[in-house]
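Please open the model in your viewer and keep the selection panel at hand. The tour moves from one selection to the next and says what is found at each stop.

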Amino acid sequence: MPGFTTRPQLRGDFGMVASTHWLASATGMSVLERGGNAFDAAVAAGFTLQVVEPHLNGPGGEVPVVFKARNGAPRVLCGQGVSPATASIEAFESRGLDRIPGSGVLAATVPGSFDAWMLLLRDHGTMSVRDVLDHAIGLAERGYPVLDRIAAAIRTLSPVFSRHWAGSAAVYLPHGAAPAAGSRLRNPALAATYRRIVAEAETVGEGREAQIEAARRSWSQGFVAEAVGAFLAGPVPNGAGEPQQALLTAQDLADWSASYEDPASASYGSHTVHKTGPWGQGPVMLQQLRMAEDRGVGADAHEGVSADFVHRSTEIAKLAFADREAWYGDPNFSDVPLKELLSSDYAAERARLIDDGRASLDLRPGSPGGRTPFQPPVYLPGETPGDRTTGEPTVRNASGVQPTDLRGDTCHVDVVDSEGNMVSATPSGGWLSSSPVIPELGFPLGTRAQMFWLDPASPNALSPRRRPRTTLSPTLVTRSDGEAVLAIGTPGGDQQDQWTTTALLRVLNGVDDLQEALDTPMFHTNAFPSSFHPRETVPGDLVIEPGVGEEVVEDLRARGHRVQVADKWSLGRLAAVARDPESGELRAAADARGAQGYAAGR
């Protein structure tokens, strides 16, 4: 018996795009209709998201991509920029800081998204720089609709913009006031930046790849890098108006480029799930799936959301995320025991810690190979005073954090075409609340360095030219013959690999309708250190949508979970596309939560 859906699952055989904003999905579909492939569509949609969801991502941010070209193996494109060459634990401790701030230029890493999108376009796309930037430029010039969440974010931050961040005020406070929801907002400076990149790319001649390389140079070694360097040459005020001298320089941009690598992968039943390496949090999904398979969690996921399913999934998540803090970091700098962490034997050992009758209130990292885990400091909610509005954008943490706390969101896009090319990407960072807009460019820098620990014992310790362990976590699924069958993901910070894992367990255990899998009530825990400043832990926490029913909620409370019932339809903004290799049928769905994500296709 089919379950409830808010909208139909899309079905066709030409192409499918699903994203967190209808304009990005429309952009991707427009590119497919004009003869582009899934990679062209994903790149164009990614640039559109920078314009229409500026409270969630921007050109100064980053993007990880998991993809499979029709005749290739699954791959990861790392668009996560590194820390500056002069970044060090001592540089922050000398400023009296025990954590890297969540806003301001001190937390800036190298902007990674532009180079990553260009590299994907060069190596796997078919279109030009002009083609993929056309929609984004037009929306920035003509204006885009201001959603309720954008208006709320700007309204909350307008005192910062008007008093301290003149570049941000010029873009986001037109006529000296925050734009109303439903109005239109322009960003002519960003449009001019991308128009200049297109113009400089086309000066090298007709060759598509030569133009893409010229665009990459304009960004990392040309006028964009020069403007970033000039903006950061002197002190820049943070959100409180305090001057900060950034560590990032134009040379840092010139020294870095996006890169490809093999995914971290694990089997679940007859499928294989592919994620980023441990420089992202992606492997926590793989650990969760391993433990879920060991305990039989998910076998009845198609029947709805039971108290047993929520309890066991939550306890599994706590164990996996405890391991994230203990073991994950940039593998170019840290010895991450990923093979052991993803082994069936280790999963079985960890799963034995789960008590079906009682929720754990402890952070319990494992000891793969007998190693001693890193134990991060525990900061409880309310212990850290100061500005809490800019570490992580736009979604209220339902676990007792005040409504003015703008946390927990980003963007996502999935694309599949008729040839079987499939892309999953989670662009984020460089949002409007992160740091001041650079007037000449029309966008702010990101604050991803806030995810580093200032403790040399951590596998995610700050050091020069290192990738911070991010939360950005796209997902690609292949079946036993290697064919790509599903791309899925969501915004949501630390919640990404909880909500997506829940939906994926449904899909891999018999829920054929993607929309039904996304629409089922969601839940998550914050019972581990947050990835974002001020890095708080909420022991025993369980946030759950009321759609599970009062009986399930009371059962979970009886097991010791500290349950917070969230608002209806408030957890997650998932998107997914799928392909049946035998029939060639394509499917897509997008979460109705947030009232802006849509799928498009035919």
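Begin by selecting Val416 and Met422, bearing in mind that this is a predicted model: Met422, in β15, is the bridge partner of Val416. Widening the selection to residues 413-417 and 422-425 brings up strands β14 and β15, which run antiparallel and are joined by four bridges.

Extend the selection next to the open sheet of seven strands, whose order is β9-β4-β3-β15-β14-β2-β25 and whose pairing is antiparallel. At its edges are β9 (259-261) and β25 (598-601), each of which pairs on one side only, and from one strand to the next the twist averages 15°.

Now add the helices that accompany these strands. Helix α1, residues 22-33, lies across β2 (15-19), β14 and β25, and runs at about 160° to β2. Helix α4, residues 113-124, packs on the sheet where it touches β3 (63-68), β4 (75-79), β9 and β15, its direction making about 20° with that of β3.

For a helix pair, select residues 38-52 and 129-142, that is α2 and α5, whose axes come within 7 Å and cross at roughly 15°. Because angles under 35 degrees count as roughly parallel, α2 and α5 are therefore roughly parallel to each other, and their crossing is right-handed. Among the residues that meet are Val43, Phe47 and Val51 in α2 and Val132, Leu139 and Ala140 in α5; the residues of this contact divide into ten nonpolar, two polar and one charged.

Finish at β21 (541-544) and β22 (562-565), which pair in the parallel sense over four bridges, with Gln564 in β22 as the bridge partner of Val543. Adding helix α18, residues 550-558, completes a right-handed β-α-β unit with β21 and β22.

Notes:
Residues numbered from 1 in each chain as written. Predicted model: local features only at pLDDT ≥ 70, side-chain atom pairs only at ≥ 80, totals over all residues. Heavy atoms only, no water. Pairing = 2+ DSSP bridges. Helix = DSSP H or I, 4+ residues; strand = E, 2+ residues; numbered from the N terminus. Right-handed = clockwise from strand over helix to strand, strands pointing away. Axes fitted to C-alpha atoms, helices over the stretch in contact; angles between N-to-C directions. Parallel < 35°, antiparallel > 145°, perpendicular 65-115°, else oblique. Left-handed = near helix turned anticlockwise from the far one by under 90°. Contact = heavy atoms within 4.5 Å. Nonpolar A, V, L, I, M, F, W, Y, C, P; charged D, E, K, R; others polar.
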